[in-house]
Amino acid sequence: MGYSPILGPVVALAAWSLVMMLWMYATRFPAMARKGISLKGRVGGRGAQLDGVIDDQVQWKAHNYNHLMEQPTLFYAVALTLALIGQGDGLNLAVAWAYVGLRIAHSLVQATVNVVRWRFLLFSAASVALLMLTVHAGLALIRHG
């Protein structure tokens with residue numbers, strides 16, 4: 001059974017999100033230990049409560065991981081729609097890979113240097129790619145629906 005090529009970028013972005021999760025834990029747990037923060041007995045806390053408590057550079061990874069749980073959910077929905085309607089190749093595939101590449105670049109900037117201007121440019125470009133995919137999916141559904 002064949003599959004739609006657009007599933008490649010879907011899996012790649014999911015895998016990248018897991019890489020960011022591991023990076024977050026690899027930096028956050030040691031930072032918490034340095035501050036004497038233990039997970040034992042903690043009830044109801046959120047990661048955002050660590051802002052201003054542990055180093056900003058550590059929290060940048062957590063903030064980015066959270067960002068990967070936000071807008072990319074729309075990407076997953078649209079990409080899977082394109083796959084299901086047989087539109088997951090050609091230009092849509094190229095735009096999907098561009099979206100993934102831009103989100104990875106955004107992650108790397110946010111997790112390392114966190115220059116807001118660069119993040120904004122990468123986020124904006126990724127948003128344009130997502131808009132393109134959404135319009136393409138919508139038009140395909142209108143044409144064939």
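**Aromatic pairs, cores and a surface patch**

I begin with a residue on one of the helices: at 40% relative accessibility, F29 counts as partly exposed. Please bear in mind throughout that this is a predicted model.

F29 has an aromatic partner. A search of the whole structure finds three aromatic pairs. In one of them, Y25 and F29 are stacked, with 5.3 Å centre to centre and 10° between the planes. Both residues belong to helix α1, which covers residues 7-34, and they are four residues apart, about one turn of the helix. Y25 also counts as partly exposed, because its relative accessibility is 34%. Elsewhere, F75, Y76 and Y99 form one aromatic cluster.

Two members of that cluster lead us to the interior. The largest nonpolar core has 28 residues, and F75 and Y99 are among those with the most contacts inside it, as are I6, L13, M20, L82 and L133. Helices α1, α2 (56-68), α3 (72-84), α4 (90-112) and α5 each supply at least two residues of this core. The largest share, seven residues, comes from α4.

Let us take L13 as an example. Leaving aside residues up to four places away in sequence, L13 touches F75, Y76 and Y99, together with L68, P72, V100 and R103. There is also a second, separate core of six residues, including A31, I37, I54 and V58.

I close with the surface. Which residues make the nonpolar surface patch of about 390 Å²? They are L131, V135, L139 and I142. V135 is found in helix α5, residues 116-144, and it counts as partly exposed, at 41% relative accessibility.

Note on methods: Residues are numbered from 1 along each chain as its sequence is written. This is a predicted model: local features need pLDDT of at least 70, side-chain atom pairs count only at pLDDT 80 or more; totals for chains, interfaces and linings use all residues. Side-chain values use heavy atoms; hydrogens and water are left out. Rings of Phe, Tyr and Trp (its six-membered ring) pair if their centres lie within 6.5 Å; planes under 30 degrees apart count as stacked, over 60 as edge-to-face and the rest as tilted. Buried means under 20% relative accessible area, exposed over 50%, partly exposed in between (1.4 Å probe, protein chains only). Patches are made of residues with over 30% relative accessible area and no salt bridge: like charges are joined within 9 Å, nonpolar side chains (Val, Leu, Ile, Met, Phe, Trp, Tyr) within 5 Å. Accessible areas come from the Shrake-Rupley method with a 1.4 Å probe; for residues, only the protein chains shown count as cover. A salt bridge is a side-chain nitrogen of Lys or Arg within 4 Å of a carboxyl oxygen of Asp or Glu. A nonpolar core is a set of buried Ala, Val, Leu, Ile, Met, Phe, Trp, Tyr and Cys residues joined through side-chain atoms within 4.5 Å. Contact means heavy atoms within 4.5 Å.
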